[in-house]
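The following exercises are to be worked with the sequence and the model at hand. Each task is followed by its solution in steps.

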There are 2 protein chains.
Amino acid sequence: MSGKQSKTVEEEFIEFNIPEVGPDGKELTKTARKKLLAKAKKDAKRPQQTQQQSKQKGEAVDSSAGNYGTLPLIRSQERTNKKFSRVQTLNASNVGETVRIRARLSALRDQNRFIFLTLRQQSASIQAISMKPNSNQMMNFIRKLSVESIIDVEGTLASPEKGPVTSTTQQEVEIHVSALWLVNSSLPELPIQLEDAERPYPLIAAQKKEIKSIKLEIENLQKKFANAQTDEEKNAIKTEISLLEKKKADAQKYVIIGKATRLDNRVLDLRTLANQAIFRISGGVATLFREFLTKENFVEIHTPKLLGTASEGGADVFRVSYFNGSACLAQSPQLYKQMCISADFDRVWEIGPVFRAEKSQTRRHLTEFIGLDLEMAIYEHYHEVLDLFDALFVFIFDGIKERFAHELEVVRKQYPTPAFEYHRPSLRLKWPEAIALLRENGINWGDLDDFDTPTEVRLGELVKAKYGTDFYMLDRFPLHIRPFYTMPAPDDPVYSNSYDFFMRGQEILSGAQRIHDPELLVQRAIEKEVDPVTLKDYVNSFKYGAYPHGGGGIGLERVVMLYLGVPNIQYTSLFPRTMVRLTP
Amino acid sequence: MSGKQSKTVEEEFIEFNIPEVGPDGKELTKTARKKLLAKAKKDAKRPQQTQQQSKQKGEAVDSSAGNYGTLPLIRSQERTNKKFSRVQTLNASNVGETVRIRARLSALRDQNRFIFLTLRQQSASIQAISMKPNSNQMMNFIRKLSVESIIDVEGTLASPEKGPVTSTTQQEVEIHVSALWLVNSSLPELPIQLEDAERPYPLIAAQKKEIKSIKLEIENLQKKFANAQTDEEKNAIKTEISLLEKKKADAQKYVIIGKATRLDNRVLDLRTLANQAIFRISGGVATLFREFLTKENFVEIHTPKLLGTASEGGADVFRVSYFNGSACLAQSPQLYKQMCISADFDRVWEIGPVFRAEKSQTRRHLTEFIGLDLEMAIYEHYHEVLDLFDALFVFIFDGIKERFAHELEVVRKQYPTPAFEYHRPSLRLKWPEAIALLRENGINWGDLDDFDTPTEVRLGELVKAKYGTDFYMLDRFPLHIRPFYTMPAPDDPVYSNSYDFFMRGQEILSGAQRIHDPELLVQRAIEKEVDPVTLKDYVNSFKYGAYPHGGGGIGLERVVMLYLGVPNIQYTSLFPRTMVRLTP
């Protein structure tokens, strides 16, 4: 802001337009006026240039005065009930209408006489153009706005002259700006650029791969150089290396944001179109889960997360200081949802956090995740539960496709993945069939050995190749690899009435018929080295008449990750928690 | 179990009907037969008498053989797809049909030639009668069943001869039993009787009050006795005391189950009709909350419960061991739901556990409860949030009445409370109006003093008397009693843009416009003695363009408790957690 050479206070009063009389009509003291002057000077130092300040600069009369500027901090000073439109609702049928929008300034392209603005609301965006008759002062104000600022834009909705706008979601309309107010400014320097955060994953992967291979070539040449005998040879290698160095520089087209940087700046990262879509789909999965189960007469429950004892065995449990004693965080609602069956709720579901102090740092582990749990009384056979789960998953998969077509498209732009394939009814395999399939394909696996991750993934590929489905249920797990409360199979002591489900070859659900006989339960706990004393309330709950029952628990973040083909589970948790991450 | 005097093994083989030939047609060894005998003897010791055992006792031929007995433990041995009916669907239109039901044996009344059974499924019940032509053996088997056992009953649906059955929910029909199988037996001795757990609260309260007053009378007489001068006087007092002792004994009509006993045996306690209804209503409140917000374009979020720092101030926070470091449990999703607004989600809701290490042991405090939280961007004024909340609460209150009429009736049988009254739109008072109302009624309260609980409750009574509503919103709280992130009022520095909602005079929601300006936020944190260093990620989230926003958090258990008039919040939490309770 210009003209700040030493001036008298009176000159500054004039320059900064400090009134002589207050709002109450009374003359202001010099001290009061000086206070106002100090405030005006402070305001003038802000990066944004308001209409008032333009005036003060002694420029030509501002024909746009009153149509732009910085709004005071919104503290509910007044309520005018101004109407604001939502970007996603605007289309060609609105052309000619005057609209008002509050949105994030997503991008700004200054072409001098035209300033193109991209306005973003969640996963919808629209182009706005400021041009004549907007004054030069207004144009200058706009071109200095920081991207990611929140602005109010008023203008006329028009059809884009040069055809559909390809860079925004609302392609048939644009806004010709008549007024623009800065609501809340972003700092001009962003820790990460949304453009970088949104870049399609294959482009990044390809760039990483290319650079890695060039680096390898250079390393090899450097070794060759060290062994070179003649100067001629050496010079030739040098030239080759410098060409490769240039090639490497050229290959670095994109800024690649590492996972840690992305998650350190999660609030900005979550603004990307893909993330806006991912978390709407995540909410959708939960909604579909609830809808289906409510129709099936399930009751919502909330079981405690603070427990007196680590009831599913002491490993992987977080300990909490509890007043003068201690508590544990629930590793699942398992025992409590079963107790709700003993408490006559018949069919229950819960959506809530699950805490696992696992020292795994894989792509699919979180220390806190959202469990979608259900438990139900059965009449005769645990396949009653499998039937229900089957219909539930088909309902969820169908629902995602039907209700989130736009979001799926948006996510696939950043993470292109083949559409998720599934059967109806779902494919069900028995444990021995899975072992046979592995062996047919040259993997020599023990009859009752638990899968490691690579084998699990390989099995998923073989299932996909043979049956054409990304989703299957694996039934009848060996008893020795299941928790103590799993019902042993009635016909063969090495198997159990239990199952896992898999999406794209990775486990997303574990479940079983549970033991509802207190004696058998205690016996199995002892065999599995779980102290029955810690299970007192749980075991007792089956002593006063217990229904046969079964159920399972789904990991929400895994379902979303695997359905969408997102590369890491931390990207499907809003604020992921791992062994090494507790912030933001 | 007669006839166990010393017999030869061969005699016992005959008595216990031990076969000479196995299922494979081969003759059994004596050892094998002895094993079978041992098993048969063990079975005979069980309280239930099966058809086989009846036969063995050499009684007359059992005409009901094959129609009753104890089923083996259901381990999914087979799947016959037998059809089972639900109690609540049975009505007069089904008379004459044959039905099969699996239910809990809720009560058994043996009238020798008729055995009346009450079968219960959740909050529905039906009467079943066993009589001729069922055999004596079958009648004997049935009369020995423990209540709370799970049984399968088959029979014909009939109209009750003597008119509607008043003791069950299905009053127009009863089952004439033709077959009955014990699925899972309850221990015969229950730690609490459901009849006692279900007794209407006023009866218990009246009994308690009466006994207390008799005890007081006795104490007074005992004092009088100690001071009595003459034998005549003493004898008169003695007579009076013994009359009162008798009166006291007579007054103890009902077994009163204390809160601790009730909660120690929560699985049994939850089986009461009122509890079955309470938790269906609780799920209903959550469903109504979600339905309304989904229609209003809110997005479901799940924010982390494990935090790196105690971000809302260090008091009342639970500490967790986190691998080699430590973490805190979230006292609310407050900061994270706001960060989701900065992350462009526009409008968000969360239902999840909230952890408070408060040392309060009142009727309305839990250390873990379910928060129904929402946060939304606003355009101009935080009353946009109040308007939304207003419509939301009316929707919830209407929804409970419409969808849970049966459950309300059931709860009111145990906890009779006047129907919940509310206005549409809801009553809104400003803080100074509340103070004025208190003063008008002789309570001298400071302009800006926070309410203590008795004053809060008294205010609720005054509001109810003056306006006729059990629900109201109190707006414009003094700034000094609100958290640091509350937006100060624009027109008066002592007030803030914040509000609480009350049901039957008790707070169930707290909310506000939040500060979205990072500088003001830090300034207010310092003024409130919260270390801004612990708020880094939160404050930073407002630096890159922040929407003005507001919201609030609802305590689910409180809403249910106060709507229903249940006397303690621990009764509206499935497995409540308090300072002194971490089990079951």
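**Exercise 1.** Does A:Asn81 count as buried or exposed, and how many C-beta neighbours does A:Asn81 have inside 10 Å?

*Solution.* This is a predicted model, in which local features need pLDDT of at least 70, side-chain atom pairs count only at pLDDT 80 or more, and totals for chains, interfaces and linings use all residues. Residues are numbered from 1 along each chain as its sequence is written, and chains are lettered from A and ligands numbered from 1 in the order in which they are written.

Step 1: A residue is buried if 20 or more other C-beta atoms lie within 10 Å of its own, exposed if 12 or fewer, and partly exposed in between, with C-beta atoms placed from the backbone.
Step 2: A:Asn81 counts as exposed because it has 9 C-beta neighbours inside 10 Å.
Step 3: The loop between strand S1 (68-70) and strand S2 (98-110) of chain A holds A:Asn81; helices (H or I, at least four residues) and strands (E, at least two) are DSSP runs, numbered from the N terminus.

**Exercise 2.** State what is notable about phi at A:Asn81 and at A:Asn112.

*Solution.* Step 1: Most residues other than glycine have a negative phi.
Step 2: A:Asn81, not a glycine, has a positive phi of about 55°.
Step 3: For A:Asn112, phi is positive as well, near 65°. A:Asn112 sits in the loop between S2 and strand S3 (115-121) of chain A, and with 8 other C-beta atoms within 10 Å it is exposed.

**Exercise 3.** Locate the cis peptide bonds that precede B:Pro425 and B:Pro584.

*Solution.* Step 1: Most peptide bonds are trans.
Step 2: B:Arg424 and B:Pro425 are joined by a cis bond with omega about -5°. B:Pro425 belongs to the loop between helix H13 (405-414) and strand S13 (427-430) of chain B.
Step 3: B:Thr583 and B:Pro584 are likewise joined in cis, with omega about -10°. B:Pro584 falls in the segment after helix H18 (556-564) of chain B.

**Exercise 4.** Which rotation superposes chain A on chain B?

*Solution.* Step 1: Copies are superposed by least squares on the C-alpha atoms of residues with pLDDT of at least 70 in both.
Step 2: The rotation is 179°, with 0.0 Å of shift along its axis and an RMSD of 0.6 Å. That is the relation of a two-fold axis.
Step 3: Within chain A, A:Val320 comes closest to the rotation axis, at 2.1 Å (C-alpha).
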